[in-house]
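Me: I would like to work through this protein fold step by step, with questions that can be settled from the coordinates. Could we begin with the terms needed for the rings and then move on to the sheet, the core and the charged pairs?

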Amino acid sequence: MAWCPKCKNEYREGVTICPDCEIELVDELVEEEESDAEPKPVILLEPEDNEVGEKVVNYLRLNGVVSGALLSDEDKLAVIVADLELDICEQLFPGLVVGEHVDIDRLYELVPDIEDQFDEVENEQAEKEFSELRSEASTVYVKKRDKYADLKFSGYSFIGFGVIGLAIVALNLAGIINLFNIYSMIVMSLVFVIFFIIGFATLHRASLVKESVAVEDEFTAQLEDWIKDNLGDEVIDEWYDENKQDQENYFEIHDRLCQMMQDEFPNIHPSYIEELAEERYNSYLERSGFESPEDVPVEEDVTPDVFEEEDIDADDDNPFEEVD
């Protein structure tokens with residue numbers, strides 16, 4: 001009998017090649033010794049203290065060595081790794097004698113840029129969180145003017161589709177066109193009537209928001225005047241620390257702006273305060289790019305649209321409601 005040394009299948013006499021593996025058969029299989037693939041812990045080094053040990057473990061995991069760990073046994077500290085990853089560790093710590101005692105000076109000698117790598121990872125994570133925070137903050141509050149415009153557009157769109165749809169149904173009933181049977185026309189008529197209902201309901205909501213737009217514009221004008229008088233660029237200049245990173249300055253200055261505006265206007269919803277603080281800080285960053293105040297473009301005064309006064313209540317999400 002013949003055997004395939006790869007798939008271990010047995011073949012009758014006369015067959016010399018395994019049809020599956022396409023390799024030559026042998027007369028008998030050689031029993032392979034079972035290899036112990038279980039990873040074993042190896043002491044990579046003995047750190048002087050916990051600080052050194054934690055830096056080594058963080059550096060190992062940063063570079064993909066998942067088995068790195070810091071163990072404490074009475075008065076002895078040891079950084080251990082799996083023997084399967086020992087070769088990688090020796091590449092990460094060139095010149096290291098496995099098991100040697102390592103203090104902070106020796107660690108910086110083995111890996112001179114270890115702190116730079118830590119800082120780079122922390123900065124990348126902070127930038128990601130900072131970007132997510134600013135993105136979320138910029139979408140928390142929707143201005144009433146924008147909400148009113150969206151509702152108005154949606155309402156007229158639904159009504160427009162309803163008019164077109166019912167016109168098509170009417171033409172079909174008059175025999176001018178012959179596209180649908182009676183059942184289809186009934187269904188379409190119901191759908192387009194629903195479009196009308198949705199459209200008029202949306203326009204009604206828009207009319208309710210209209211009152212809030214005027215209130216929002218009035219309070220926004222008051223806030224902007226107060227911000228110009230109390231939160232000018234010179235004030236933020238005093239808060240801005242060039243020795244700190246952008247995200248640190250943003251967090252601190254944004255919090256200060258929110259707190260000062262909230263103290264001055266306690267009845268305005270915090271989400272709207274955060275929106276204004278975001279706009280104020282962005283405005284400061286844009287203006288700080290000019291060399292002198294004369295280079296800053298003058299913003300034109302924009303007078304908000306005046307809406308006819310209506311005896312209606314503001315919608316529930318008015319930003320100027322009382323805040324407990």
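Reply: Rings of Phe, Tyr and Trp are taken as a pair if their centres lie within 6.5 Å. Please keep in mind that this is a predicted model. With that rule in hand, ring pairs link three residues into a cluster, namely F158, F192 and F195.

Me: How many aromatic pairs does this rule give, and what is the angle between the planes of Y59 and F93?

Reply: By this rule the count comes to six aromatic pairs. One of them is formed by Y59 and F93, whose centres are 5.4 Å apart. Because planes over 60 degrees apart count as edge-to-face, this pair falls in that class, the angle between the planes being 75 degrees.

Me: Which parts of the chain does the Y59 and F93 pair tie together, and are the two residues buried or exposed?

Reply: Y59 lies in helix α1, while F93 is in the loop between α2 and β6, so the pair ties together parts that are 34 residues apart in sequence. As for their surroundings, Y59 and F93 are both buried.

Me: Which residues touch the most other members of the largest nonpolar core, and which helix gives the most to this core?

Reply: The largest nonpolar core has 21 residues, and those that touch the most other members are L44, V56, L60 and F93. At least two residues each come from β3 (41-47), α1 (50-62), β5 (76-82), α2 (86-92), α3 (104-110) and α4 (114-137). With five residues, the element that gives the most to this core is α1.

Me: Which residues is L60 in contact with, leaving aside its neighbours within four places in sequence?

Reply: In general terms, nonpolar side chains tend to be buried together in soluble globular proteins. L60 is one of the residues that touch the most other members of the largest core. Beyond its sequence neighbours, the contacts of L60 are L44, V65, G68, V79, V81, C89, L92 and F93.

Me: What is the order of the strands in the open sheet, and which strands stand at its edges?

Reply: The open sheet has four strands with mixed pairing, in the order β4-β5-β3-β6. Each edge strand has a single partner strand, so one side of each is left without a neighbour in the sheet, and the strands in this position are β4 (69-73) and β6 (101-102).

Me: How many bridges join β3 to β5, and which residue in β6 is the bridge partner of E46?

Reply: β3 and β5 run antiparallel and are joined by four bridges, with L45 standing opposite V79 in β5. β3 and β6, by contrast, run parallel and are joined by two bridges. P47 stands opposite V102 in β6, while the partner of E46 in that strand is H101.

Me: What is the N to O distance in the salt bridge of K55 and E115, and how far apart in sequence are the parts that this pair ties together?

Reply: A search of the whole structure finds six salt bridges, and in one of them the side chains of K55 and E115 meet at 2.5 Å, N to O. K55 is buried, with a relative accessible area of 15%, whereas E115 is partly exposed at 25%. Since K55 lies in helix α1 and E115 in helix α4, the parts that the pair ties together are 60 residues apart in sequence.

Me: Which residues are linked with R106 in a network of salt bridges?

Reply: R106 forms a salt bridge with E100, the closest N and O atoms being 3.3 Å apart, and the side chains of R106 and E109 meet in another at 3.1 Å. R106 and E109 are three residues apart in helix α3, so about one helical turn separates them. E100 is buried, at 18% relative accessible area, while E109 counts as exposed at 54%. The residues linked with R106 in the network are therefore E100 and E109.

Me: Where is N249 placed, and which backbone oxygen does its side chain reach?

Reply: N249 is in helix α8 (residues 246-264) and is buried, with a relative accessible area of 0%. Not counting residues up to four places away in sequence, N249 touches W239, Y240, D241, K244, H254 and Y281. At 3.5 Å, the side chain of N249 reaches the backbone oxygen of K244.

Key
Residues numbered from 1 in each chain as written. Predicted model: local features only at pLDDT ≥ 70, side-chain atom pairs only at ≥ 80, totals over all residues. Heavy atoms only, no water. Core = buried A, V, L, I, M, F, W, Y, C linked by side-chain atoms within 4.5 Å. Buried < 20%, exposed > 50% of the residue type's maximum accessible area, 1.4 Å probe, protein only. Contact = heavy atoms within 4.5 Å. Polar contact = N/O pair within 3.5 Å; in protein donor to acceptor, adjacent residues only side chain to side chain. Pairing = 2+ DSSP bridges. Phe/Tyr/Trp six-rings, centres within 6.5 Å; stacked < 30°, edge-to-face > 60°. Salt bridge = Lys/Arg side-chain N within 4 Å of Asp/Glu carboxyl O.
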